[in-house]
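Subject: Structure for you to look at

Hi,

Here is the structure I said I would pass on. Have a look through it first, then read my notes below.

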Amino acid sequence: MTEPVEMGTETAWRSDRVLDARGLACPLPVLKARKLMAGMAEGKRLLVEATDPMAAIDIPHLCQQDGHRLVRQDRSGAGDAALLRFLIERGPAVSEA
């Protein structure tokens with residue numbers, strides 16, 4: 001994962017869209033993220049905020065599988081109060097054969 005050069009928090013988490021997936025259980029955060037990413041242009045960024053611990057596995061896997069770039073991820077809080085944030089950059093569209 002590539003970390004941005006020293007920037008203010010607001011700039012480091014700049015996104016074009018935000019998905020509030022807090023309170024949603026697996027697999028909904030990743031399914032909703034995939035649907036939003038499909039409608040975005042290459043290079044646009046989606047910020048996903050989730051509370052489901054499985055998102056820590058599912059979102060990076062989504063990026064790898066669909067060709068997007070996980071720009072950064074963060075976890076704040078602990079236990080059931082933990083907030084997971086992921087900044088995803090849309091990769092190139094894959095043409096179907």
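The protein has an average pLDDT of 88, and 86% of its residues score at least 70. Keep in mind that this is a predicted model, and that pLDDT is the predictor's own confidence in each residue. Among the elements, strand 2 (residues 45–50) has the highest mean, 98, while helix 1 (residues 9–12) has the lowest, 73. Take care at the start of the chain: over residues 1–7 the pLDDT stays under 50, and the model has eleven contacts beyond four places in sequence for that stretch.

Now for the fold. You'll find three helices and four strands, and if you trace them from the N terminus the order is α-β-α-β-α-β-β. What share of the contacts between residues at least 6 apart in sequence joins residues at least 24 apart? That comes to 72%.

As for inside and outside, 37% of the 97 residues are buried. The protein's accessible surface is about 6000 Å², and carbon and sulfur atoms account for 52% of it.

Last, the cysteines. Is Cys-63 buried or exposed? Cys-63 counts as buried because its relative accessibility is 3%, and the cut-off for buried is under 20%. Cys-26, on the other hand, is partly exposed, because its relative accessibility is 38%, which falls between the 20% and 50% limits. If you go hunting for disulfides, the count is zero.

Have fun with it!

Key
Residues are numbered from 1 along each chain as its sequence is written. This is a predicted model: local features need pLDDT of at least 70, side-chain atom pairs count only at pLDDT 80 or more; totals for chains, interfaces and linings use all residues. Side-chain values use heavy atoms; hydrogens and water are left out. Helices (H or I, at least four residues) and strands (E, at least two) are DSSP runs, numbered from the N terminus. Buried means under 20% relative accessible area, exposed over 50%, partly exposed in between (1.4 Å probe, protein chains only). Contact means heavy atoms within 4.5 Å. Accessible areas come from the Shrake-Rupley method with a 1.4 Å probe; for residues, only the protein chains shown count as cover. A disulfide is a pair of cysteine sulfur atoms within 2.5 Å. pLDDT is the predictor's confidence in each residue, from 0 to 100.
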